[in-house]
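Dear colleague,

Please find the structure below, handed over for your study. A summary of what was found in it follows, and I would ask you to read the two side by side.

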Amino acid sequence: MKSRMTIFQLVPSLDGGRASRSVAAIHRALVSHGFIGAVISKGGPFVSEIVSCGDHHLQDMQSRDPLTIPGRAAALSPLIEAVSPDVLHVHGCVPAWIATFANRDLGIPMVSTLYRPYPDNAFSEVMFRVDHVIDDMTGAGLRAEMSDPAAVVDHTLAVYRDQGLLHQIVDRC
């Protein structure tokens with residue numbers, strides 16, 4: 001068994017939008033509490049913040065072209081298999097589709113975070129085909145991240161724990 005939990009977060013880009021700010025705050029908090037964190041995205045201004053306290057893997061998580069999703073998943077799958085993260089946390093439909101395909105044979109627990117209402121269609125339903133959905137459509141999580149990143153990691157870890165996703169609980173004290 002690994003000595004520390006590894007959390008992969010997948011987000012379209014780290015462009016400074018709501019999802020990228022949330023990913024950066026969760027990443028900082030997880031790493032500061034002893035977790036191994038990695039973020040997979042197309043890149044953006046927040047990459048330097050991610051790299052300063054963990055790993056960033058550059059991959060196109062943004063293009064909505066459905067024909068390219070299986071190829072991008074095939075490129076991601078060896079990384080996921082090599083690192084064997086304990087949780088895949090997706091932020092957005094495209095990352096969720098890529099992670100779903102990449103994770104098909106691996107069975108790593110998945111969590112998604114919703115930042116807005118999603119249309120009721122086949123493309124969006126992937127956000128709900130995960131082990132747990134975190135609903136942040138009100139922006140409450142984002143406000144908490146700005147004022148208290150520890151509260152965000154506490155909430156995120158509580159979700160992971162409640163779903164039985166943690167193989168090991170890291171004592172924060």
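**Helix H1**

The buried residues of H1 are Ser20, Ser22, Val23, Ala24, Ala25, Ile26, His27, Ala29 and Leu30. Please bear in mind throughout that this is a predicted model. Helix H1 covers residues 18-32, and its length can be checked with simple arithmetic. At 1.5 Å a residue, its 15 residues should span 21 Å, and the C-alpha atoms at its two ends are indeed 21 Å apart, so expectation and model agree. After H1 comes Gly34, which has a positive phi, near 95 degrees.

**The protein as a whole**

The protein contains 6 helices and 6 strands. Following the sequence, these elements appear in the pattern β-α-β-α-β-α-β-α-β-β-α-α. The protein has 173 residues, and 47% of them count as buried. Its accessible surface comes to about 7900 Å², and carbon and sulfur atoms account for 56% of that area. Considering contacts between residues at least 6 apart in sequence, 58% join residues at least 24 apart.

**Strand E1 and its partners**

Strand E1 consists of residues 6-10, and 5 of its 5 residues are buried. In a regular strand, side chains alternate between the two faces of the sheet. For E1, Thr6, Phe8 and Leu10 lie on one side, while Ile7 and Gln9 lie on the other. Are these two faces covered or uncovered? Both are covered, as the residues on each side are all buried.

E1 pairs with two strands that are described here in turn. With strand E2 (residues 36-41), E1 pairs in the parallel sense over 5 bridges. Within this pairing, Ile7 stands opposite Gly37 of E2. The chain passes from E1 through H1 to E2, and this β-α-β crossover is right-handed. The other partner is strand E4 (residues 87-90), which runs parallel to E1 and is joined to it by 4 bridges. Here Leu10 stands opposite Val90 in E4.

**Two residues in later helices**

Ser77 is placed in helix H3, which spans residues 69-83. Why does Ser77 count as buried? Its relative accessibility is 18%, and buried means under 20%. Apart from its neighbours within four places in sequence, Ser77 is in contact with Ala102 and Leu106.

Val94 belongs to helix H4, formed by residues 93-102. With a relative accessibility of 4%, Val94 also counts as buried. Which residues does Val94 touch, if those up to four places away in sequence are not counted? They are Met61, Gln62, Ser63, Arg64, Arg72 and Phe123. One of these, Ser63, is 31 residues away from Val94 along the chain, yet the C-alpha atoms of the two are separated by 7.4 Å.

**Aromatic rings**

How many aromatic pairs does a search of the whole structure find? The search finds 2. Ring pairs link Trp97, Phe101 and Phe123 into a cluster. Phe123 has already appeared above, as one of the residues that Val94 touches.

When you open the model, you may wish to begin with E1 and follow the chain through H1 to E2. You could then turn to Val94 in H4 and to the cluster that includes Phe123.

With kind regards

Key:
Residues numbered from 1 in each chain as written. Predicted model: local features only at pLDDT ≥ 70, side-chain atom pairs only at ≥ 80, totals over all residues. Heavy atoms only, no water. Phe/Tyr/Trp six-rings, centres within 6.5 Å; stacked < 30°, edge-to-face > 60°. Buried < 20%, exposed > 50% of the residue type's maximum accessible area, 1.4 Å probe, protein only. Contact = heavy atoms within 4.5 Å. Areas by Shrake-Rupley, 256 points an atom, 1.4 Å probe, with all protein chains shown as cover. Expected span 1.5 Å × (residues − 1). Pairing = 2+ DSSP bridges. Right-handed = clockwise from strand over helix to strand, strands pointing away.
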